[in-house]
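Subject: Structure handover

Hello,

Here is the structure for you to look through. My notes on it follow below.

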Amino acid sequence: MEALEPNELQRLVLTAVDPYIDRDVLAQQIAREQQQRRALSESLGVWGPGDGGMPVSP
């Protein structure tokens, strides 16, 4: 495996795994992760820089 180029190794692994991927479950998980990223981003937005760790009032 060390003799393979990284792109070729990735292609081989993805080709081997692809038949076992449940596309519906994958889509649900991707949507859930995107929602979590948005929520985290919004939560971080209430914290201002240099405020001593205190949330900023909206």
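What percentage of the residues in the protein is buried? Buried residues make up 2% of the 58 residues. Please keep in mind that this is a predicted model. The protein exposes about 5500 Å², and 59% of that area is supplied by carbon and sulfur atoms.

Helices

The protein has 2 helices and 0 strands. Helix α1 covers residues 6-17, and helix α2 covers 23-45. With its 23 residues, α2 reaches 33 Å from its first C-alpha to its last, which is close to the 33 Å expected at 1.5 Å a residue. At the start of α2, the backbone nitrogen of Asp 24 has a side-chain oxygen of Asp 22 within 3.1 Å.

Salt bridges

How many salt bridges does a search of the whole structure find? It finds 2.

One joins Glu 8 to Arg 11, with 2.7 Å between the closest N and O atoms. Both residues belong to helix α1 and are 3 residues apart, about one turn of the helix. An α-helix has 3.6 residues a turn, so residues three or four places apart point the same way. Glu 8 counts as partly exposed because its relative accessibility is 30%, and partly exposed means between 20% and 50%. Arg 11, at 44% relative accessibility, is partly exposed as well.

The other salt bridge is between the side chains of Arg 23 and Asp 18, at 2.1 Å from N to O. Are these two side chains buried, partly exposed or exposed? Arg 23 has a relative accessible area of 45%, so this residue is partly exposed. Asp 18 has 36% relative accessibility and therefore also counts as partly exposed.

Nonpolar patch

There is a nonpolar patch on the surface, formed by Val 13, Val 17, Ile 21, Leu 26 and Ile 30. Together these residues have about 360 Å² of accessible area. Which helices each supply at least two residues of the patch? Both α1 and α2 do.

Take Leu 26 as one member of the patch. Leu 26 is placed in helix α2. Its relative accessibility is 37%, so Leu 26 counts as partly exposed.

When you open the model, you could start with the two helices, then find the salt bridge between Glu 8 and Arg 11 and the one between Arg 23 and Asp 18, and end with the nonpolar patch.

Regards

Definitions and conventions. Residues are numbered from 1 along each chain as its sequence is written. This is a predicted model: local features need pLDDT of at least 70, side-chain atom pairs count only at pLDDT 80 or more; totals for chains, interfaces and linings use all residues. Side-chain values use heavy atoms; hydrogens and water are left out. Patches are made of residues with over 30% relative accessible area and no salt bridge: like charges are joined within 9 Å, nonpolar side chains (Val, Leu, Ile, Met, Phe, Trp, Tyr) within 5 Å. Accessible areas come from the Shrake-Rupley method with a 1.4 Å probe; for residues, only the protein chains shown count as cover. A salt bridge is a side-chain nitrogen of Lys or Arg within 4 Å of a carboxyl oxygen of Asp or Glu. Helices (H or I, at least four residues) and strands (E, at least two) are DSSP runs, numbered from the N terminus. Buried means under 20% relative accessible area, exposed over 50%, partly exposed in between (1.4 Å probe, protein chains only). The expected span of a helix is 1.5 Å times one less than its number of residues. A polar contact is a pair of N or O atoms within 3.5 Å; within protein, one must be able to donate a hydrogen and the other to accept it, and residues adjacent in sequence count only if both atoms are side-chain atoms.
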